[in-house]
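The following exercises concern salt bridges and strand pairing in a protein model. Please work through each task with the structure at hand before reading its solution.

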Amino acid sequence: MLKIPENQVAGHFARNGKLGPLVDGSGRFYKPLQGGDRGCSEVSFYTSFSLDGRIPDHIRRFFPTFYGTELVEASDGSGLKSHLVLEDFTAGRVNPSIMDVKIGSRTWPPQAPEKYIAKCVEKDHGSSSLLLGFRFSGLQFHSINETGFWKPGKKSIQGFSADEVQLVLRNFVSSNTSKELELKPDCAFASVVFGGPTGILSQLLELKAWFEDQTVYHFFSSSIHIMYEKQLALQGKNPRAEIKLIDFAHVVEGRGVIDHNYLGGLCSLIKFVSEILKVTNKECQTNVLPKDAQRDHDMSVNGTYC
């Protein structure tokens, strides 16, 4: 039986009779096709991407597995509607902390309708997109010492300044995150989540290396979904830190040109994450980390992963 996703942080929500995505509880995510040309464009991207031999396997892992399309009962009660069937990459995770980061200083594709461009320009100007090359579309930070999580509304996070973005990223990897944004985050899990050979920074750098060469696609208004499990980090276990690229309704052909818009935003995000890993122990306490995590932290600070 399909149900509303528990860990969705951005996009259209299937609540109060509205149309939104659903999950089946066994690892599949059902996303209703968007209106206009956007739904067909996203299906076209997933279809071509899944068959494109130019995409290396180590890059494919950053994209959701595509299972085709299927007619299912829509969440708004309007009957059968066509849905993308994708990998539900939050399935099996317990209380994941999540960031949805929209990449690029420009979020509209070439030849978009003027009305749509005007709407995107207004959003970009009112957010951190123009300043930083990315903005937060959704956040969910689980706390440790109390029940619940911090899950602010979209409008309250889009216009964050550079300092506020840095604060959010620090809170993401902190043990003292509460239901409000902690002003003195301890960054206790920075090493095991952001650092290390399989951490978020390493994955972002691997993605960046591909974007420095790939000219197959240009991604507009696409996001990087960043997640990990804080409780596992607290127990000294692998926190399952992972990134996934999502939202491909506005992907266009690269035509032999590097996607500088996406690459610029990706580099900016990498810079913010790298700076957190370079922070001194006085500013970011790491005394709760297990020995192997402390080793990864030391390697990160010394520039091994940057």
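**Exercise 1: A salt bridge across the sequence**

In this predicted model, the side chains of Glu242 and Arg93 form a salt bridge, with N and O 2.7 Å apart. Determine which parts of the chain this pair ties together.

Solution. Step 1: Glu242 lies in strand S10 (residues 242-246), while Arg93 belongs to the loop between S4 and strand S5 (96-103), so the salt bridge ties together parts that are 149 residues apart in sequence. Step 2: Glu242 has a relative accessible area of 22% and is therefore partly exposed. Step 3: Arg93, at 10%, counts as buried, because the cut-off for buried is under 20%. Step 4: Glu242 also forms a salt bridge with Lys244, whose closest N and O atoms are 3.8 Å apart. Lys244 is buried, at 5% relative accessibility. Step 5: Glu242, Arg93 and Lys244 belong to a network of salt bridges that also includes Glu87, Glu229 and Arg240.

**Exercise 2: Buried or exposed?**

Classify the two partners of the salt bridge between Asp52 and Arg54 (2.8 Å, N to O).

Solution. Step 1: Asp52 has 9% relative accessibility and counts as buried. Step 2: Arg54 reaches 58% and counts as exposed, because exposed requires over 50%.

**Exercise 3: Strand order**

State the order of the strands in the open sheet of four strands, and identify its edges.

Solution. Step 1: The order is S1-S2-S4-S3, with antiparallel pairing. Step 2: S1 (22-23) and S3 each have a single partner strand, so they stand at the edges. Step 3: S3 (residues 66-73) pairs with S4 (residues 80-87) over six bridges; among them, Phe66 is partnered by Leu86 and Leu71 by Ser82.

Conventions. Residues are numbered from 1 along each chain as its sequence is written. This is a predicted model: local features need pLDDT of at least 70, side-chain atom pairs count only at pLDDT 80 or more; totals for chains, interfaces and linings use all residues. Side-chain values use heavy atoms; hydrogens and water are left out. Two strands pair if DSSP finds at least two bridges between them. Helices (H or I, at least four residues) and strands (E, at least two) are DSSP runs, numbered from the N terminus. A salt bridge is a side-chain nitrogen of Lys or Arg within 4 Å of a carboxyl oxygen of Asp or Glu. Buried means under 20% relative accessible area, exposed over 50%, partly exposed in between (1.4 Å probe, protein chains only).
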